[in-house]
2 protein chains.
Amino acid sequence: MGTLNRDDCLQLDQNDPLATLRNEFSIPSGLIYLDGNSLGAQPRTAATRAQEVVAQEWGEGLIRSWNTAGWFDLPLRLGDKLAPLIGAGAGEVVISDSTSINLFKALAAAVHSQATRQATSPRRIIVTEASNFPTDVYIAQGLSTWLDRGYQLRLVNTPDELAAAIDDDVAVVMLTHVNYRTGHMLDMAGLTELAHANQALVVWDLAHSAGAVPVDLTAANADYAVGCTYKYLNGGPGAPAFIWVAPRHLPAFRHPLSGWWSHAQPFAMLPEYQRHSGIRAALCGTQPMVSMALVECGLDIFAQTDMAALRRKSLALTDLFISLVETMCVGHGLQLVTPRCHEQRGSQVSFSHPHGYAVMRALIEQGVIGDYRDPGIMRFGFTPLYLRYVDVWDAVLALKRILDESAYDAQVQPEAVT
Amino acid sequence: MGTLNRDDCLQLDQNDPLATLRNEFSIPSGLIYLDGNSLGAQPRTAATRAQEVVAQEWGEGLIRSWNTAGWFDLPLRLGDKLAPLIGAGAGEVVISDSTSINLFKALAAAVHSQATRQATSPRRIIVTEASNFPTDVYIAQGLSTWLDRGYQLRLVNTPDELAAAIDDDVAVVMLTHVNYRTGHMLDMAGLTELAHANQALVVWDLAHSAGAVPVDLTAANADYAVGCTYKYLNGGPGAPAFIWVAPRHLPAFRHPLSGWWSHAQPFAMLPEYQRHSGIRAALCGTQPMVSMALVECGLDIFAQTDMAALRRKSLALTDLFISLVETMCVGHGLQLVTPRCHEQRGSQVSFSHPHGYAVMRALIEQGVIGDYRDPGIMRFGFTPLYLRYVDVWDAVLALKRILDESAYDAQVQPEAVT
């Protein structure tokens, strides 16, 4: 593959069965967008849909739209559209709140479930990776501290250490399927099986998996999952997240964020809380309908393809990127951070470089948008829905020129954003 | 006032110094919208702003808009715009999450603060009204149950019972300033003072107060407050809510929803949670930016007036409505539920009627939109920003005709919405 030239890439695009899906998005011309793992691109239908929701559903329908425009049921209806992408069934997933909030619900429910099962000798260990996206660790810390019953986090440093860490002291294993920094993908089925063999429950964070790689929560026999709709699902900036609960856990699904949308009869305005028996139990309060409605624009595009086809293209794009970088940019100190092995790779490629931040800034100035994460890691996300093989070639060429010409300010430091 | 006719009302509109503010909203023609206490009307700028955020900030700016479009700071910037309407200072309030979630944070923080102060003999009573909006009670139940340290709710049945209930066993008083069903407004300053005299802290829910009545959290020496932006603030369906923390409580402000947006350095991606020292500590995860951006359209309209002027018109509208209903609809069994006394009245009027649900349905069919709450209560919200005196007259005339002609289906029952 290292011998491919730009024309070969154009030819790959010509033969790409998914090529037309790019037309479903509004991508600024001249831009190569390799940051869909952070914020997905705008579906072409989003602007029109936003107009409908604001001018018609809100402006004309006003309060009536909670029924007539289906706002109240939207978290479930969109959850059902998302479900096939993550191996979930209808009525098992809702779009709601943020990933952090949903993680709190799922983790609380898992802890509660374990405390109930292990009433005499309850386990107090929550296993996760130190390299997990920080909010996951912070939420686990927050929940553990507040429960004030001796819950402790057991942090492992590399995926290899997980197997040893998941022993019979563990109550809950909380893992992110694809690591946000390295793009390393964990073995969902294998780790879930290991956890279950140790009577632990597993919460999966699918922030970098949903819409990016095939996920089958049902086949993996997973317990709970949460994730994000604004990355590979292209739902819009900060769009509401999702939460899935395995049907077998719904009868005992309890979390402390027991707002009225999780009530069995929310409009009966009853003074006593009574949990909804279905997945609505994972809701809390009123949801932001304009942002939520736009999630559908992203989800609808997936109906034109399937995750197996997207995975094939994703791996072809990331293979091509790795191969071109390693041949065209050889000798410039770039180190591949993402696993070379397909089974362990998400839909992003990370390279480290001593001046990673400066190089990424130079790339962005040239219209090749990736992002940067300490220490020294340049992240490149590959969304097969809208990326072309020629984009990969052009991005690597831009990177090669910046490195060849040292066309970056080696003194520039990551800004402290507070 | 009972002798006013429609022309008098038109004259009142002619002389209304706030009359032109109606032009800032897009109100469907022929509709009399008396449900702004549930979902506020659409500001005229909202559709354009939605286009900007979706097509330009998201579509063109993509990931860069977190900085260039100011997305990351929006919860604080909009909080600062809201602050003057609730007697808060800059940097004291953020727009974020839902009211239910924010209530959980505030209540958790209040409970934590009390547990720290009363380490040797901690108080475990949370006082609220049984007639509070249910989500408030459910959230308090959820938090109490989960803390598992003997926290109990003490529910009072009427506002008159509050004084006796706030004794020196009480840790936290959680009150809604204006009751969603009755429109009864509590004495914020007096009850806060009473709570403090008993060493209790107070969480105020301003869902039906912010933008509806003058609120001065600072003057009342309040501790925590939460509220809603989609009612009288006209922020859009399910728009993100707000949370305020008195500056004196910020140093010890702790809640378990410790997501990355509440971290001192969210982009440093540090493995250890470190709470932000400012009001960002009240945030949790990534916010829905399209919905959030529209909150500004509603807030900006308030800059053209002030809450004292809005209160004068609000009371004039609700006085007129009560007076007209009681004269024009006399003998039809309508009972005023909302306090007659201005000091105890929010910006809504509730009347009960044996066939309240059926009558409200008939009204809505005629384009007069209020809503219904069990048992038998018809709610009419009065938003002085866009309502005219003639709207009040026309609404009461419609009500009178329906009652005079029994033009409603007395058999129809409130639908069970699940």
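Good morning. I begin with a pair of charged side chains in chain A: Arg248(A) and Asp223(A) meet in a salt bridge, with 2.8 Å from N to O. Please bear in mind throughout that this is a predicted model. The pair connects distant parts of the chain, 25 residues apart. Arg248(A) sits in the loop between strand 10 and helix 9, while Asp223(A) sits in the loop between strand 8 (201-205) and strand 9 (224-227). The two partners can also be set side by side by accessibility. Asp223(A) has a relative accessible area of 1% and is therefore buried, whereas Arg248(A), with 44%, is partly exposed.

The general principle is familiar: side chains of opposite charge can pair when their charged atoms come close. Over all chains, the structure holds 34 salt bridges. I shall discuss a few further examples.

In chain A, Asp167(A) forms a salt bridge with Arg154(A), and the closest N and O atoms are 3.1 Å apart. Which parts of the chain does this pair tie together? Asp167(A) belongs to the loop between helix 7 (162-165) and strand 7, and Arg154(A) belongs to strand 6 (residues 152-156), so the salt bridge ties together parts that are 13 residues apart in sequence. Asp167(A) is partly exposed, with a relative accessible area of 24%. Arg154(A) likewise counts as partly exposed, at 23% relative accessibility.

In chain B, Asp404(B) and Lys400(B) form a salt bridge whose closest N and O atoms are 2.9 Å apart. Both residues lie in helix 12 (residues 389-404) of chain B, and because they are four residues apart there, about one helical turn separates them. Asp404(B) is partly exposed at 41% relative accessibility, and Lys400(B) is partly exposed at 26%. Beyond such pairs, there is also a network: Arg77(A), Lys81(A), Glu296(A) and Asp300(A) are joined by salt bridges that share partners.

I turn now to the arrangement of the two chains. How is chain B related to chain A? A turn of 180°, with a shift of 0.0 Å along the axis, lays chain B on chain A with an RMSD of 0.0 Å. The two copies are thus related as by a two-fold rotation axis. In chain B, the C-alpha nearest that axis belongs to Ser291(B), at a distance of 2.7 Å. The same surface serves both copies, since 100% of the contact residues of chain B recur in chain A.

Next, the annotation. An unreviewed UniProt entry places the feature "binding site" at a set of positions in chain A, including Thr99(A), Ser100(A), Asp136(A), Thr176(A), Asp205(A), Tyr230(A), Trp260(A) and Thr286(A). Do the annotated positions gather at one spot, or are they spread out? They span 188 residues in sequence and the farthest two C-alpha atoms are 30.1 Å apart, so they do not all gather at one spot.

I have chosen two of these annotated residues for closer inspection. Thr176(A) is part of strand 7 (residues 170-176). With a relative accessibility of 8%, which is under 20%, Thr176(A) counts as buried. Leaving out residues up to four places away in sequence, Thr176(A) touches Asn132(A), Asp136(A), Leu186(A), Trp204(A) and Asp205(A). With Asn132(A) there is also a polar contact between side chains, at 2.5 Å.

Thr286(A), by comparison, is in the loop between strand 10 (242-245) and helix 9 (289-302). Is Thr286(A) buried or exposed? Thr286(A) is buried, with a relative accessible area of 9%. Apart from neighbours within four places in sequence, Thr286(A) contacts Trp66(A), Trp260(A) and Trp261(A) in chain A, together with Ser98(B), Tyr230(B) and Gly238(B) in chain B. The side chains of Thr286(A) and Tyr230(B) are joined by a polar contact of 3.1 Å.

My last residue is Asp97(A), located in the loop between strand 4 (93-95) and helix 5 (99-117). Asp97(A) is buried, with a relative accessible area of 13%. The side chain of Asp97(A) makes a polar contact of 3.2 Å with that of Ser96(A). Among the residues that Asp97(A) touches beyond four places in sequence are Asn102(A), Lys105(A), Cys284(A) and Gln287(A), and also Ile101(B) from chain B.

To close, I would recall two points. The copies are related as by a two-fold rotation axis, and Thr286(A), an annotated position, has contacts that include residues of chain B. Thank you for your attention.

Notes: Residues are numbered from 1 along each chain as its sequence is written. Chains are lettered from A and ligands numbered from 1 in the order in which they are written. This is a predicted model: local features need pLDDT of at least 70, side-chain atom pairs count only at pLDDT 80 or more; totals for chains, interfaces and linings use all residues. Side-chain values use heavy atoms; hydrogens and water are left out. Copies are superposed by least squares on the C-alpha atoms of residues with pLDDT of at least 70 in both. Contact means heavy atoms within 4.5 Å. UniProt positions are given in the numbering used here, feature names are shortened, and annotations may be inferred rather than shown by experiment. Helices (H or I, at least four residues) and strands (E, at least two) are DSSP runs, numbered from the N terminus. Buried means under 20% relative accessible area, exposed over 50%, partly exposed in between (1.4 Å probe, protein chains only). A polar contact is a pair of N or O atoms within 3.5 Å; within protein, one must be able to donate a hydrogen and the other to accept it, and residues adjacent in sequence count only if both atoms are side-chain atoms. A salt bridge is a side-chain nitrogen of Lys or Arg within 4 Å of a carboxyl oxygen of Asp or Glu.
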